[in-house]
Amino acid sequence: MQQSREARATRPNGAVRYALALLGGVALTGACGGGEEKYAVACEQPGLTEACSCPGQPNMGTRTCRTDGEWTDCDCSTPYDASTGGSSAGIGGGASGGVPTGSGGDLVGSGGSGTGGTVVGSGGSGTGGTVVGSGGTGTGGTVVGSGGSGTGGDPVGSGGSGTGGDLVGSGGTGTGGDLVGSGGTGTGGDQGIGGDTSSGGAAGSAGDASSGGAAGSAGDAGSGGSGGPTLPPITDYSDSGPFGTTVENSVGPGGGYTVFRPDPLGEDGFLHAPIIFGPGIGQSVTVHTTMLTNFASHGFVVVGTPVLNGGPGDAGNRQAMQDGLDWIIAQNTTPGPYQGTLWVDHAVSMGFSVGGTSAVEIGGDPAVATVVSIHGHTASADLHGTMLQTTGTQDTVGMPLQQQTFDMSQVPTFLATLTGAPHAYIEQNGGGEERPAIVAWMRYWIYGDTGAQHYFYGDDCVLCVAPWENPQRKNWD
C-alpha cells in the first residue's frame, strides 16, 4: 500500500522509513485492516497521538500511543486534532534537544535546501539531523511535520522547528547534500523542478547548484496548450462530432434545465465550451434535441433553459438564460462531473426566436465569446465577441427584426439568409441547413477550426451561395 503525502508528513517513523527507502533501498511494507498503514517502530510516549489515514475519507483519523509502547489502530471516527502539539502528528510542536544528527548527507525532497542531514520533502530548512517531509526548520531534536515550534520533547507535528535532531515535514531548507524535488533553494546539491501542464504550458528549472542552490519557478503560463483545446478536423459539418453524448434532465437552477453534453467529459484534458440555449416562446427545449445533441458531439456542453413564456425582450426570458449560464460556469469549480472540464471564458450564448433575442441581450457577459441568434428579434447589447444571425426569406416576422439587430451590432457579425426558410425552419430535420452553419461557426470561433473558415469568408463562401442568399457581413476583416 503506497503512503499518501499527508501520511508521510504526519507519521515520523513511516516518513523516516520512506526516506531510507529513497536513499538506501529500504522497503516499506505492511498494511492493517481497513486500509490503515502500520509502522514497525514502537511509540515512546504513552498517551501521545498522531494522525493516520482513513481510506475514502477526506479527514485524517487518530491513533494513540499505548502504555505498552504500541500504537492503537486508527480511529477514523475521531478526526485528528492538529492543535495537540508534543509528539502528536499534526500542526504544532517543536523542541530543543532530542536526537541531533550531523551536517552533510543527502537532501532529497521537493523545494527547500539543506545544511546537512537527509532531507525528503519540500521547503523547510535544517542545519543538522535528518530532514524528511515539509515545512519547519531544525538544528536538533526530532521534528516531524510543518508549522509550529516548541522547546521540549520530541515534536511530531506539521512544520515545527527545533534545535537539533531529525526534521520530518515539508518545506525545510538546509545546507549540504543532494536536493531532488521541486522549487526550493539549497546550498549544494542538485535541484530539479519540471513537468508539463495540460492547460498552462510547462513549469520548472533544473540544474546543479554547488553553492546556494537555485530557486525553482512556475514557468510560462498558457491557455489550454497551444492556443487552447482543438478538435479533430472534419470535412462535412452536418456530421456528428468525435464525442459520445448523453442528456441530463431536471438539473440546474430549480431543476428546470436540460443538459446535452459529451460523455465522458474532460477526456485527455479536453475543455468543453458551454452553450446556453433558449428555445422559442412556450416551447420545450426538447423540440431541438437532435440539433443540440449534435452540438454536444462536437465537444460543447449545451444547457437548455426551461420554457420561456415571455415575448421578445422579456426580462424573465433573459433571467432564465443568465441563470443557466451562471450555473454551468460555476460547475467548473464545484465538485461533480463538470469540475475542471469547462472552458468557462469561451461560452456561447444561443437561442431561437425569443431565445435568440435573449441570447443577444446576455451576450455581453464576460464568459461569452460568441453569440448565435437563430431567427431572433430586435436586440442589442454591449457585445465583445462575434455574432452569427440566421433568418429565412419566408420568415416574414423575424427577417426584418434580425436586420435591425444586424444594423445595431458593433462587433464582427454575419447575417445569413436561407432561401425559402420560414420562422420555424430550425425545428425541422434537426436544424436543417442551418445546423452545419452553426457548427462551423462555433468550431471556428471557439476551437480555431480553420477548416470551417470557408463557410463565412470569401465571395464564394458556403453562406454566400445557394441555398443561401444575400450574405451580410460587418466589422469583418
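Biologist: Which residue in β16 stands opposite Thr258?

Modeller: First, a word on the source: this is a predicted model, where local features need pLDDT of at least 70, side-chain atom pairs count only at pLDDT 80 or more, and totals for chains, interfaces and linings use all residues. Residues are numbered from 1 along each chain as its sequence is written, and side-chain values use heavy atoms, with hydrogens and water left out. Strands are DSSP runs of E with at least two residues and helices are DSSP runs of H or I with at least four, both numbered from the N terminus. In β16, the residue opposite Thr258 is Gly304.

Biologist: In which sense do β14 and β16 pair, parallel or antiparallel?

Modeller: Strands of a sheet pair through backbone hydrogen bonds, and both senses are possible. Two strands count as paired if DSSP finds at least two bridges between them. Phe260 stands opposite Val302 in β16. Over three bridges, β14 (residues 257–262) and β16 (residues 301–304) run antiparallel.

Biologist: And which residue in the turn of the β13–β14 hairpin has a positive phi?

Modeller: Five bridges join β13 to β14 in the antiparallel sense, and Val247 stands opposite Phe260 in β14. Five residues lie between the two strands of this hairpin. The turn residue with a positive phi, about 75 degrees, is Gly252.

Biologist: Which strands stand at the edges of the nine-stranded sheet?

Modeller: The sheet is open, with mixed pairing and the order β13-β14-β16-β15-β17-β18-β19-β20-β21. Each edge strand has a single partner, so one side of it is left without a neighbour in the sheet. The edge strands are β13 (245–251) and β21.

Biologist: Which element gives the most residues to the largest nonpolar core?

Modeller: Such a core is a set of buried Ala, Val, Leu, Ile, Met, Phe, Trp, Tyr and Cys residues joined through side-chain atoms within 4.5 Å; buried means under 20% relative accessible area, exposed over 50% and partly exposed in between, with a 1.4 Å probe and protein chains only. Of its 46 residues, Phe277, Phe295, Phe300, Met350, Phe414 and Leu463 touch the most other members. At least two residues come from each of β15 (274–278), α3 (289–297), β17 (347–352), β18 (368–374), β20 and α7. With nine residues, the top contributor is α7.

Biologist: How many aromatic pairs are there in the whole structure?

Modeller: A pair of aromatic rings is described by the distance of the centres and the angle of the planes. Here rings of Phe, Tyr and Trp (its six-membered ring) pair if their centres lie within 6.5 Å, and planes under 30 degrees apart are called stacked, over 60 edge-to-face and the rest tilted. The search of the whole structure gives a count of 16.

Biologist: How far apart in sequence are the parts that the pair of Phe414 and Phe456 ties together?

Modeller: The two rings meet edge-to-face, 6.1 Å centre to centre with 70 degrees between the planes. Phe414 lies in strand β20 (residues 413–418), while Phe456 is in the loop between α7 (434–447) and β21 (468–474), so the pair links parts whose separation in sequence is 42 residues.

Biologist: Are Trp441 and Phe456 buried or exposed?

Modeller: These two form an edge-to-face pair, 5.0 Å centre to centre and with 90 degrees between the planes. Trp441 lies in helix α7 and Phe456 in the loop between α7 and β21, so this pair ties together parts 15 residues apart in sequence. Both residues are buried.

Biologist: Over which ring does the charged end of Lys474 sit?

Modeller: A charge counts as over a ring if NZ of Lys or CZ of Arg is within 6 Å of the ring centre and within 35 degrees of the ring normal. The charged end of Lys474 is 5.3 Å from the centre of its ring. That ring belongs to Phe406.

Biologist: Which cysteine is joined to Cys461 by a disulfide?

Modeller: A disulfide is a pair of cysteine sulfur atoms within 2.5 Å, and by this rule the count comes to one. Cys461 is buried, with a relative accessible area of 1%. The S to S distance is 2.0 Å, and the partner of Cys461 is Cys464.
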